[in-house]
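Got your viewer open? Let's take a walk through this protein, one selection at a time.

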Amino acid sequence: MKIKLGLLYGGKSAEHNVSLQTAKAVIKALDLTKYDVHPIYISETGEWVRGTQLEAPVEDVKKLQLKEAGETISPVALNSEIFPVPTKGDSNQTEVKFDVVFPLLHGPNGEDGTVQGLLELMNVPYVGNGVLASAAGMDKVMMKNIYEQAGIKQPNYVWYIRSYWEKEAEAAYKNIEDKLGYPCFVKPANLGSSVGISKCNDRESLEKAFVEAFEYDRKIIIEEGIDGRELEIAVLGNEDLQCSVVGEIVPKEGFYDYKAKYEDGSTGLIIPADITNEAYEEMKRVAIQSFKALDCSGLVRADFFLTKDGEVLMNEVNTMPGFTPISMFPMLWQQSGLSYAKLIEKLVELGRERHQEKQKIKHTF
């Protein structure tokens, strides 16, 4: 029996285009003799559009925007329009149209636990992290607060909401200069893919960075600049966790921003990274600790700094890392002996496995 796989992509987020690229890459890698693939597109304005079953890979990413070729649906009508309701007279029927849904969504309204919560309510198996891990992983402030409580070493940080900044901008800037100094990085708390991030070397650039970051979120985080190497490791599993080799990001100029990640390729990626075995073992240990601290499942990409003194500092984890051809997560597993296609199959397997485990929970008294 072929697996009926729903691909959910796009999204009402600044990372909409990244999601489209991820969906195109995943579709190209899927073995259509094993999967019946059904696209579900979420437009930038939040419309849900259901397409017909795919018969071949999609070469043009624009064709994934199903505004004309699909049927507009409402997410609140998922039970009747995507997932069939039980047949009358058969209260034991639990079969759904999709055996599993793969949310290929990045950023708010997709990677942050909102869609995961919807799928949980529908009792539908899905790939990746659950509601709690997705929400905490999306919000960098909450993530870092949890990691601080767990005793995980990380760079110093402060955070602000827009309303405070509008009233106390000078106090905020002064606090940053006193606690973090320059350089520092200003980021929206709830975005990924380096959207809205600025490196600040003085007060003028700091003020501009606040304005830009607040365009993307009501809450921002400011982190101290670390003089160290940027390293990443991929984690795969639910209970039995595996770690990939380590990769290193070497920006040719500036830092690893959105343009360098997705547009001009102006960043060197070294896989595997040239690090000591001691550093590798420490990164694996902290990556697994971080995975468990957020109660993750399926996958994460854990990002670290390695200082000149050999100290490993957690930067952040990404609970839905990109799957574009130049994304680090699949390349790390490729170099670890797991092909892109097999990686996707493993993630689908893990999503269904977690769903089966949750069905063991007693829901009645």
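What follows is a series of stops, each with something to select and a note on what is there. One thing to keep in mind as you go: this is a predicted model.

**The whole chain**

Start with everything shown as a cartoon. The protein chain's secondary structure adds up to 11 helices and 14 strands. Of its 365 residues, 52% are buried. If you switch on a surface, you're looking at about 17,300 Å² of accessible area, and carbon and sulfur atoms account for 48% of that. Now think about who touches whom: take the contacts between residues at least 6 apart in sequence, and 68% of them join residues at least 24 apart.

**Helix H1**

Select residues 16-29, which is helix H1. How far does H1 reach from its first C-alpha to its last? Its 14 residues cover 20 Å, close to the 20 Å expected at 1.5 Å a residue. Next, colour the buried residues of H1: His16, Val18, Ser19, Leu20, Thr22, Ala23, Ala25, Val26 and Ile27. While you rotate the view, here's a handy bit of background: an α-helix has 3.6 residues a turn, so residues three or four places apart point the same way.

**Helix H3 and what covers it**

Move on to residues 114-121, helix H3, and pick out Val115, Gln116, Gly117 and Leu119, which are buried. What covers them? Add strand E1 (3-10), strand E5 (100-104) and helix H4 (131-138) to your selection, since the cover includes these elements. Then step just past the helix to Asn123, which follows H3 and has a positive phi, near 55°.

**Two tyrosines, two strands**

Time for some rings. There are 7 aromatic pairs in the structure. For one of them, show the side chains of Tyr9 and Tyr41: this pair is tilted, with 5.8 Å from centre to centre and 40° between the planes. Tyr9 belongs to strand E1 and Tyr41 to strand E2 (residues 35-42), so the pair ties together parts that are 32 residues apart in sequence. Are these two rings' residues buried or exposed? Tyr9 is buried, with a relative accessible area of 0%, and Tyr41 is buried at 0% too.

Now jump to Tyr160 and Tyr164, an aromatic pair that is stacked: the centres are 5.6 Å apart and the planes differ by 15°. Tyr160 counts as buried at 7% relative accessibility, while Tyr164, at 35%, counts as partly exposed. Keep both on screen and add Trp165, Tyr173, Phe210 and Phe214, because together with the two tyrosines they make up one aromatic cluster.

**Charges over rings**

Still on rings, select Trp159 and Lys219. Lys219 lies over the face of Trp159, 5.5 Å from the ring centre. Then try Tyr126 with Arg354: here Arg354 lies over the ring face, at 4.2 Å from its centre.

**A buried lysine**

Select Lys144, which you'll find in helix H5 (residues 140-149). Is Lys144 buried or exposed? It counts as buried, with a relative accessibility of 1%. To see its surroundings, show Gln154, Tyr157, Ile221, Glu223, Met314 and Asn315, which Lys144 contacts once its neighbours within four places in sequence are left aside. You can also draw a distance from the C-alpha of Lys144 to that of Pro155: the two residues are 11 apart along the chain, and the atoms are separated by 9.4 Å.

**A buried glutamate**

Hop over to strand E14 (residues 312-318) and select Glu316. Glu316 is buried, with a relative accessible area of 14%. Leaving aside neighbours within four places in sequence, Glu316 is in contact with Lys140, Met143, Lys187, Arg301, Ala302 and Asp303.

**Last stop: two cysteines**

Finish by selecting Cys184 and Cys200. How many disulfides does a search of the whole structure find? The count is 0. The cysteine sulfur nearest to that of Cys184 belongs to Cys200, 4.6 Å away. Why isn't there a bond between Cys200 and Cys184? At 4.6 Å the two sulfurs are too far apart for one, as a disulfide needs them within 2.5 Å. Cys184 counts as buried, at 0% relative accessibility, and Cys200 is buried with a relative accessible area of 0%.

Conventions: Residues are numbered from 1 along each chain as its sequence is written. This is a predicted model: local features need pLDDT of at least 70, side-chain atom pairs count only at pLDDT 80 or more; totals for chains, interfaces and linings use all residues. Side-chain values use heavy atoms; hydrogens and water are left out. Helices (H or I, at least four residues) and strands (E, at least two) are DSSP runs, numbered from the N terminus. The expected span of a helix is 1.5 Å times one less than its number of residues. Buried means under 20% relative accessible area, exposed over 50%, partly exposed in between (1.4 Å probe, protein chains only). Contact means heavy atoms within 4.5 Å. Accessible areas come from the Shrake-Rupley method with a 1.4 Å probe; for residues, only the protein chains shown count as cover. Rings of Phe, Tyr and Trp (its six-membered ring) pair if their centres lie within 6.5 Å; planes under 30 degrees apart count as stacked, over 60 as edge-to-face and the rest as tilted. A charge sits over a ring if NZ of Lys or CZ of Arg is within 6 Å of the ring centre and within 35 degrees of the ring normal.
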